[in-house]
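Good morning, and thank you for making time for this presentation. I ask you to keep the sequence and the structure in view while I speak.

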Amino acid sequence: MNTIPYKTYLEESELPECWYNVRADMKKKPAPLLNPATGAPCTAEDLSHVFCDELVAQELDETTPLFKIPKSIRDFYRMFRPSPLVRAYFLEEALGTPAKIYYKFEGNNTSGSHKLNSAVAQAYYAKAQGLKGVTTETGAGQWGTALSMACAFFGLDCRVFMVKCSYEQKPFRREVMRTYGAAVTPSPSMETDVGRLINAEHPGTTGSLGCAISEAVEVAVKTPGYRYVLGSVLNQVLLHQSIIGLEARAAFRKLGVKPDVIIGCAGGGSNLGGLIAPFMGEKLRGEADYRIVAVEPASCPSFTRGKYAYDYCDTGRICPLAKMYTLGADFIPSPSHAGGLRFHGMSSTLSELYDQKLMEAVSVKQTDVFAAAQQFARVEGILPAPESSHAIRAAIDEALKCKAEGKEETILFGLTGTGYFDMKAYEAFNDGTLSDYEPTDEDLERSFAKLPKVVAR
Ligand SMILES: *Cc1c(COP(=O)(O)O)cnc(C)c1O
C-alpha cells in the first residue's frame, strides 16, 4: 500500500471515523435487489461475481448503522476532507433574503466532485481482495475521473466505458482519466457482446449510461481478477457518501446552528443520500425534523413523474432489478439536455424514503438551472457543475420564498462539484441557444409499458 503523499493536521472528530447506514434506522426497508434470472432477492453469492465481497456485504446490510472507515481510506480522505461548509453571505446579500444559506462544497479535489468519496472506498476494497482491476461506465466523466484517481493511488487497473457522445464532446475529461492510468473506451464499443448487439440494432448511436453499464459489467464478469464498480444508485455508494452529511452535521453543531431545509440535486441519488443521511436518521428516530428536497431536471424527472416499480438498471438487462422511481430503462433524455443527472432510475433507499413522504422532490428547467449557476458564480466565486446548479436553483427559490414571506430559515444545499469540463453547456447558455425540454406523458407511457412484470415477494 502506498504511503500517504500529503497530510493535513486536523482534529480527528472533524473527519468522521465511521460511515452511517440510514437503512438501519428505517422501519420499512427499501425493497431488495432481485436476480433478473430467477426473480428472487439477490444473495451475496449472486452479487459476488459482479462486485467485491466487502462491498456486497455493505450493499446487503440493512441493520448495521455504523461502518468503520478503514485507515487507508481515511488517510486518502485527508487530502481533501473535511470539505468546506460555506455560508453564502454574498448570495444572501444579492438575493436580499432573511434566509441563511450554507453549502457543503465537494468540488475541492482534482476529480472535481463528491464521487471521489466512494471511488476511493471501492478501489480500496478491490485491492484488499487481491483483485487486478475494476471496470465501470462514465457519462459526463466525473465518476470515471474519480475512479481513475483512486485506482492510480491503490495500484489497480481501471477500464472505463465512456458514453460515446461524452467521449467525443469532452476530450479533456478523457485525457484526465488517461493521465491517471485508466483505459477509456467509447460506448457502445465493438469489444463486448452487448456493445456489438447495440451497435447492430442502432447503427450510429451515441450511447447511453445504461448501455455503458452493460458493457462494463460484461467485461468485469468475463475477466478473471476484475469486478465492476458503480458511482451512484447503490446502497454502498450512499453509505460512503454519508461522510458529506456527517461532516456537515459536525460543523453545524460546532456553529450551534440547525438547518431547517436540506436541498440536493438527484441523479442516481448518491450525493443527496449522503448529505441527508445523518439528518434523515434523526428524523427517522424522532429526534429532530428537517425538510428534505431532491432536485431533478424536468427533462429526466424520475421522482416527480416516474413510477415506483422494479426495473432494469442497464440497457442490456444483465444487472439485478431494483425497485425504484424510474422512467423506464430505455428512457434517454432529449439530446438538448445538457445538465447531467440523466440516469433513468433513482437509489432504492431514497425511493423508499420518498414513497414514505419523508422527503420531497421538485423538477427544474435547465435554462433556469444555468441562470442560477451564473448568478452563483458571479457572487460566490465558484464555477458550479451543472448538476450541482439544480440544487443552487432550488436553494435560491427557497431563499426568495423566505424573502416574500419574511421567514428566517436556515438552508443547506449540496454543492457537489465544479463545472470546468461543462463549458459547452455554459457556452450554449451564454449564446442563448440552450433550450428546455420536457418529455410528454405519451413518451413516458411508452417507456413505462416496457417495465418488467415483477411481483415483489
Ligand atoms: C454524478 C454527479 C451528480 C449526480 O449523482 P448523484 O449520484 O445523484 O449524486 C451530481 N453532481 C455532480 C458534480 C456529479 O458529478
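I shall speak about the ligand and its surroundings, then about two sheets, and finally about some details of the backbone.

Please note at the outset that this is a predicted model.

Let us begin with the ligand. Which residues come nearest to it? The shell holds 17 residues, and of these K115, S232, S270, N271 and T416 come nearest. Sorted by class, the shell consists of eleven polar, four nonpolar and two charged residues. It is also shared between two parts of the protein: domain 1, which covers 9–71 + 113–228, and domain 2, which covers 81–112 + 235–447, each supply at least three residues.

I turn now to individual contacts with oxygen atoms of the ligand. S270 places a polar side-chain atom 2.7 Å from an oxygen atom of the ligand. In N271, an N or O atom of the side chain lies 2.7 Å from a ligand oxygen. With G267 the backbone takes part, since one of its N or O atoms is 2.7 Å from an oxygen atom of the ligand. How much of the ligand does the protein bury? The ligand exposes 380 Å² when taken alone, and the protein buries 95% of that area.

Next, the sheets. As a general reminder, strands of a sheet pair through backbone hydrogen bonds, in either a parallel or an antiparallel manner.

One open sheet contains six strands in the order 3-4-14-9-10-13, with mixed pairing. Its edges are strand 3, residues 85–87, and strand 13, residues 360–364; each has a single partner strand, so one side of each has no neighbour in the sheet. From one strand to the next, the twist averages 25°. At one edge, strand 3 pairs with strand 4, residues 100–105, in the antiparallel sense over three bridges. Within this region, R87 stands opposite Y102 of strand 4.

Another open sheet has four strands in the order 7-6-5-8, and here the pairing is parallel. Why is one side of strand 7 and of strand 8 left without a neighbour in the sheet? Strand 7, residues 183–187, and strand 8, residues 226–228, stand at the edges with a single partner strand each, so one side of each remains unpaired within the sheet. Neighbouring strands of this sheet are turned against each other by 25° on average, direction ignored. Strand 5, residues 133–138, and strand 6, residues 157–163, run parallel and are joined by six bridges. T138 has M162 in strand 6 as its bridge partner.

I close with the backbone details. Where do we find cis peptide bonds? One joins R81 and P82, with omega at about -5°. P82 belongs to the loop between helix 3, residues 71–77, and strand 3, the edge strand described earlier. Another cis bond runs from S187 to P188, with omega near 5°. P188 sits in the loop between strand 7 and helix 9, residues 193–201.

Finally, V233 has a positive phi of about 65°, although it is not a glycine. This residue lies in the loop that links strand 8 and helix 11, residues 235–255.

How values were computed. Residues are numbered from 1 along each chain as its sequence is written. This is a predicted model: local features need pLDDT of at least 70, side-chain atom pairs count only at pLDDT 80 or more; totals for chains, interfaces and linings use all residues. Side-chain values use heavy atoms; hydrogens and water are left out. A residue is near a molecule or strand if one of its heavy atoms lies within 4 Å of it. A polar contact is a pair of N or O atoms within 3.5 Å; within protein, one must be able to donate a hydrogen and the other to accept it, and residues adjacent in sequence count only if both atoms are side-chain atoms. Accessible areas come from the Shrake-Rupley method with a 1.4 Å probe; for residues, only the protein chains shown count as cover. Ala, Val, Leu, Ile, Met, Phe, Trp, Tyr, Cys and Pro count as nonpolar, Asp, Glu, Lys and Arg as charged, and the others, Gly among them, as polar. Domain bounds come from an automatic or database domain assignment. Two strands pair if DSSP finds at least two bridges between them. Helices (H or I, at least four residues) and strands (E, at least two) are DSSP runs, numbered from the N terminus. Axes are lines fitted to C-alpha atoms, for helices over the stretch in contact, and angles run from 0 to 180 degrees between N-to-C directions.
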